[in-house]
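User: I've got a model open and I keep running into labels like "buried" and "tilted". Can you walk me through where they come from?

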Amino acid sequence: MKLYRTEKEIFVESSGSFYVVPAQSWDELLCSRDLFQRAEAATLGPAIPFDPASALAPVVSQEVWAAGVTYYRSRNARIEESKDAGGGTFYDRVYTAERPELFFKAVGSRVVGPGAQVRTRADAKWSVPEPELTLLLSPAGRILGYTIGNDMSSRDIEGENPLYLPQAKMYDGSCALGPCVLLATGTLDKSTGIGIEITRNAATVFAGTTTLAELKREFEQLVEYLFREMSFPSGAFLMTGTGVVPGDDFTLAHGDAIRICIDGIGTLENTVA
């Protein structure tokens, strides 16, 4: 089952049909201990038309956090971008360390949804999208489901000095989530594919794929560290890192279209403002 948030209703999709899920609000539903039962019960009602263009980012009061250097490709990219700042060795060390890299990404109000515009920083010269499987977590730290995330990043700013990571990662329009939440309590299959395509003037300028088999960290480990000393009364989203990074000669431009696809979830599409 997949959950969609719209301006007026919450929908659940099952077997290609859509149903309204009764709820006081998105936050109330996500924090409900019987979320899955309520979604399942909604599918017993009448199916109604659903406009995919009405889907909003599946986040309201939830914080969005992110994990870094969880794929070997990400490790190499971070080492390369920061080598002149002396950051090469510690990105290598965090890849093999027991403690993962976790950082705050966005509050709900800064997250954009499907079809909306993401942004690059005006003071950055090297900006890229990062396609990431994103976990939806309950207030108790339980995995409720999965969505698609785009972790927009200013690689030149972070590469200049790793202490600039908050500025490279956190700004208006730097995070996109959607189009839905795939409800699931188990871990996705390692063969699950993650793909990205960037088009410019109708021509593909970058495309890449990876699978969860390339992810070094287990979801449960990332979640345990995130919840170790913090509480999330409304739940949280956790981006799990990227295994697809454009080359050093690529940077986003105004009008670029970004399509991120994850098997079993769908496609998140955004344009660059």
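User: Which residues do ring pairs link into a cluster?

Analyst: Tyr4, Phe11, Phe18 and Phe50 are linked that way. Keep in mind that this is a predicted model. The count of aromatic pairs comes to nine.

User: What makes the pair of Phe227 and Phe232 tilted?

Analyst: The ring centres are 4.9 Å apart, and the cut-off for a pair is 6.5 Å. The planes sit at 55 degrees. Stacked needs under 30 degrees and edge-to-face needs over 60, so this pair is tilted.

User: Why does Phe227 count as buried?

Analyst: Buried means under 20% relative accessible area. Phe227 comes in at 17%, so it counts as buried. Its ring partner Phe232 has 3%, so Phe232 is buried by that cut-off too.

User: And Ser54, why is that one called partly exposed?

Analyst: Ser54 has a relative accessible area of 27%. Buried would need under 20% and exposed over 50%, so a value in between is called partly exposed. You'll find Ser54 in the loop between α2 (35-42) and β4. Leaving out residues up to four places away in sequence, Ser54 touches Arg5 and Thr6.

User: How do you know that the side chain of Ser54 reaches the backbone oxygen of Asp51?

Analyst: The distance is 2.6 Å, and a polar contact allows up to 3.5 Å between N or O atoms. As for where Phe227 is relative to Ser54, they're 173 residues apart in sequence and 32 Å apart in space, C-alpha to C-alpha.

User: What makes Arg228 lie over the face of Tyr225?

Analyst: Arg228 is at 4.0 Å from the ring centre of Tyr225, and the distance limit is 6 Å. The angle to the ring normal has to be within 35 degrees as well.

User: Which residues of helix α7 are buried?

Analyst: In α7 (residues 219-227), they're Phe219, Leu222, Val223, Tyr225, Leu226 and Phe227. The buried residues of α7 pack against several strands, including β4 (63-68), β9 (131-137) and β10 (143-151).

User: Which residues have the most contacts inside the largest nonpolar core?

Analyst: Leu133 and Tyr146, in a core of 48 residues. The largest share of this core, five residues, comes from α7. A second, separate core has 28 residues, Trp26 and Val181 among them. Beyond its neighbours within four places in sequence, Leu133 is in contact with residues including Tyr146, Leu188, Phe219 and Ile262.

Terms used. Residues are numbered from 1 along each chain as its sequence is written. This is a predicted model: local features need pLDDT of at least 70, side-chain atom pairs count only at pLDDT 80 or more; totals for chains, interfaces and linings use all residues. Side-chain values use heavy atoms; hydrogens and water are left out. Buried means under 20% relative accessible area, exposed over 50%, partly exposed in between (1.4 Å probe, protein chains only). Helices (H or I, at least four residues) and strands (E, at least two) are DSSP runs, numbered from the N terminus. Contact means heavy atoms within 4.5 Å. A nonpolar core is a set of buried Ala, Val, Leu, Ile, Met, Phe, Trp, Tyr and Cys residues joined through side-chain atoms within 4.5 Å. A polar contact is a pair of N or O atoms within 3.5 Å; within protein, one must be able to donate a hydrogen and the other to accept it, and residues adjacent in sequence count only if both atoms are side-chain atoms. Rings of Phe, Tyr and Trp (its six-membered ring) pair if their centres lie within 6.5 Å; planes under 30 degrees apart count as stacked, over 60 as edge-to-face and the rest as tilted.
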